[in-house]
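Student: I would like to learn how to read a structure such as this one. Could we begin with the side chains and then go on to the sheet and helices?

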Amino acid sequence: PPPPPPAASLAGLDRRSAERLRRGQMKIEARLDLHGHTQADAHRALHAFVDGSHRAGRRCLLVITGKGGPRESEDASFMPDRQSGVLRRNLPRWLAEPAVRHMVLGLQPAQPKHGGEGAYYLLLRRRR
């Protein structure tokens with residue numbers, strides 16, 4: 001079974017905005033697709049995307065991690081306990097790192113129309 005999605009972090013967000021984010025009703029101003037990235041590339045791309053979006057004054061972003069899963073090219077017997085969904089699992093941790101944490105207001109799993117389990121809404125703080 002897939003790992004459970006990370007707990008949504010919406011502290012500091014008013015109830016109406018949190019609900020609109022959860023329902024996918026906020027206008028998505030930019031999207032980042034991390035499909036096919038290595039962990040290191042995805043990590044760098046995410047931090048650059050968050051930083052650039054925050055500087056540009058964007059608020060609601062869509063980050064597509066993909067659901068993850070065993071790749072056909074990998075020999076399952078070589079690493080039988082290899083967990084799938086590495087990018088999806090690491091996204092909340094990467095967003096909690098000091099370099100970007102101060103820019104992030106909320107993270108929510110996306111609605112099916114925006115990628116469902118393989119994507120997240122990311123709400124950035126307003127620039128001061």
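Tutor: We can start with one pair: the side chains of Arg23 and Glu19 meet in a salt bridge, 3.1 Å from N to O. Keep in mind that this is a predicted model.

Student: Which side chain, apart from Arg23, meets Glu19 in a salt bridge?

Tutor: That of Arg22, at 2.5 Å from N to O. The general idea is that an α-helix has 3.6 residues a turn, so residues three or four places apart point the same way. Here Glu19 and Arg22 both lie in helix α1, three residues apart, or about one turn.

Student: Are these residues buried, partly exposed or exposed?

Tutor: Glu19 is partly exposed at 25% relative accessible area. Arg22, at 36%, is partly exposed, and so is Arg23, at 44%.

Student: What does the salt bridge between Glu117 and Arg88 tie together?

Tutor: Glu117 is in the loop between β3 and β4 while Arg88 is in helix α3, so the pair links parts 29 residues apart in sequence. Their side chains meet at 3.8 Å, N to O. Glu117 is partly exposed at 45% relative accessibility, whereas Arg88 is buried at 4%. As for the earlier group, salt bridges with shared partners join Glu19, Arg22 and Arg23 into one network.

Student: How many residues of α3 are buried?

Tutor: Seven of the ten in α3, residues 86-95, so the helix is mostly covered. The buried ones are Val86, Leu87, Arg88, Asn90, Leu91, Trp94 and Leu95. They span an arc of only 170 degrees around the axis, which places them on the same side of α3. Their cover includes α2, β2, α4, β3 and β4.

Student: Now the sheet. In what order do the strands lie?

Tutor: Strands of a sheet pair through backbone hydrogen bonds, either parallel or antiparallel. In this model four strands form an open sheet in the order β1-β2-β4-β3, with mixed pairing. β1 (30-33) and β3 (104-109) are the edge strands, each paired on one side only. Neighbouring strands are turned by 20 degrees against each other on average, direction ignored.

Student: Which helices pack on the sheet?

Tutor: Helix α1 (residues 15-22) touches β2, β3 and β4, and its direction makes about 150 degrees with that of β4. Helix α2 (residues 39-55) touches β1, β2, β3 and β4, at about 175 degrees to the direction of β1.

Student: Which contacts does Ser53 make beyond its sequence neighbours?

Tutor: Ser53 lies in helix α2 and is buried, at 1% relative accessibility. Leaving aside neighbours within four places in sequence, Ser53 contacts Ala30, Arg58, Leu61 and Leu124.

Key. Residues are numbered from 1 along each chain as its sequence is written. This is a predicted model: local features need pLDDT of at least 70, side-chain atom pairs count only at pLDDT 80 or more; totals for chains, interfaces and linings use all residues. Side-chain values use heavy atoms; hydrogens and water are left out. Two strands pair if DSSP finds at least two bridges between them. Helices (H or I, at least four residues) and strands (E, at least two) are DSSP runs, numbered from the N terminus. Axes are lines fitted to C-alpha atoms, for helices over the stretch in contact, and angles run from 0 to 180 degrees between N-to-C directions. Contact means heavy atoms within 4.5 Å. Buried means under 20% relative accessible area, exposed over 50%, partly exposed in between (1.4 Å probe, protein chains only). The arc is that of the directions from the helix axis to the C-beta atoms. A salt bridge is a side-chain nitrogen of Lys or Arg within 4 Å of a carboxyl oxygen of Asp or Glu.
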